[in-house]
Amino acid sequence: MRIGTLLAAATLAAMAVPADAGALFTGLLIHDIDTPLSKGGLEDGVDLQFGWRGERIGALRFLGRPAPYAFASVAIGAPTHFAAAGLSWRIGSGPFYLRPAAGIAVHTRPRHVIDPNGLRGDLGSRVVFEPELGAGYRLNDRVAIEATWVHLSHAQLFGRQNPGMEAIGLRLNIALRQGRMR
């Protein structure tokens, strides 16, 4: 049921977007990796991501004109799925670029996960921050590929328990209009 809810929310969000706005993306990421920023590695699997990124927001010029985004991440072989939304920035005007982003996510990780050291492994809150960083290459006016890192955490705002969760992988971005890959 939870996977269906995430996919339905992502589909409704995509249907509400004008056909000439932004880009769609899909990704394949390694799920719940162990890094210095998280105590991950509790779940094995891969994440399939499906999302939308809008046009840059001119009214937010004082923030560098970020673009809104929303996506659903479905874990294959693991219980933690999530949906996220936020703002992203494209840094670089040539074919190579960086794409930092900051958002909020809702996840399905069970509340009573225990890590190998006997500590709680749940994420501490159902709603978490979702910062990410991508490094991309624009193949043409409509298609780009990105290496991406996604982090889920509540930044210890809801308690000291905060193992976090991370994923790394690749995304394929397809602009909805010719010449619109931003």
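## Exercises on a predicted chain: buried charges and a surface patch

The side chains of Arg99 and Glu146 meet in a salt bridge, 2.8 Å from N to O. Here a salt bridge is a side-chain nitrogen of Lys or Arg within 4 Å of a carboxyl oxygen of Asp or Glu. The model is predicted: local features need pLDDT of at least 70, side-chain atom pairs count only at pLDDT 80 or more, and totals for chains, interfaces and linings use all residues. Residues are numbered from 1 along each chain as its sequence is written, and side-chain values use heavy atoms, with hydrogens and water left out.

### Exercise 1. Place the Arg99–Glu146 pair

Task: find the strands that hold Arg99 and Glu146, and state what the pair ties together.

Solution.
- Step 1. Arg99 lies in strand S5 (residues 96–107) and Glu146 in strand S7, so the pair ties together parts 47 residues apart in sequence. Strand S7 spans residues 143–152. Helices (H or I, at least four residues) and strands (E, at least two) are DSSP runs, numbered from the N terminus.
- Step 2. Both Arg99 and Glu146 are buried. Glu146 counts as buried because its relative accessibility is 1%. The cut-offs are under 20% relative accessible area for buried, over 50% for exposed, and partly exposed in between (1.4 Å probe, protein chains only).
- Step 3. Side chains of opposite charge can pair when their charged atoms come close.

### Exercise 2. Map the surroundings of Glu146

Task: list the side chains in polar contact with Glu146, then its wider contacts.

Solution.
- Step 1. The side chain of Tyr97 makes a polar contact of 2.9 Å with that of Glu146. The side chain of Arg99 makes another, at 2.8 Å. A polar contact is a pair of N or O atoms within 3.5 Å; within protein, one must be able to donate a hydrogen and the other to accept it, and residues adjacent in sequence count only if both atoms are side-chain atoms.
- Step 2. Set aside neighbours within four places in sequence. Glu146 then touches Arg53, Tyr97, Arg99, Ala135, Gly136, Gly169, Leu170, Arg171 and Asn173. Contact means heavy atoms within 4.5 Å.

### Exercise 3. Find the other salt bridge

Task: the structure holds two salt bridges; which residue pairs with Glu132?

Solution.
- Step 1. Glu132 pairs with Arg171, with the closest N and O atoms 2.7 Å apart.
- Step 2. Glu132 is in strand S6 (residues 127–138) and Arg171 in strand S8 (residues 165–175), 39 residues apart, and the pair links distant parts of the chain.
- Step 3. Glu132 is buried because its relative accessibility is 6%. Arg171 is buried because its value is 1%.

### Exercise 4. Work out from Ser88

Task: is Ser88 buried or exposed, and what does Ser88 touch?

Solution.
- Step 1. Ser88 sits in strand S4 (residues 82–88). Its relative accessibility is 2%, so Ser88 counts as buried.
- Step 2. Not counting residues up to four places away, Ser88 touches Arg53, Pro66, Ala67, Tyr69, Arg99, Pro100 and Ala101.
- Step 3. The side chains of Ser88 and Arg53 share a polar contact of 3.4 Å. Arg53 is also among the contacts of Glu146.
- Step 4. Gly64 is 24 residues from Ser88 in sequence and 9.8 Å away in space, C-alpha to C-alpha.

### Exercise 5. Check a backbone angle

Task: what is the phi of Arg65, and where is Arg65 found?

Solution.
- Step 1. Arg65 has a positive phi of about 55 degrees, although it is not a glycine.
- Step 2. Arg65 is in the loop between strand S2 (46–53) and strand S3 (67–76).
- Step 3. Arg65 is partly exposed because its relative accessible area is 28%.

### Exercise 6. Judge the confidence

Task: where is confidence lowest and where is it highest?

Solution.
- Step 1. The chain averages a pLDDT of 81, and 71% of the residues score at least 70. The pLDDT is the predictor's confidence in each residue, from 0 to 100.
- Step 2. Confidence is lowest in helix H1 (residues 2–15), at a mean of 50, and highest in S4, at 96.
- Step 3. Over residues 10–20 the pLDDT is below 50; beyond near neighbours in sequence, this stretch has six contacts in the model.
- Step 4. Where pLDDT is low, the predicted coordinates should not be read in detail.
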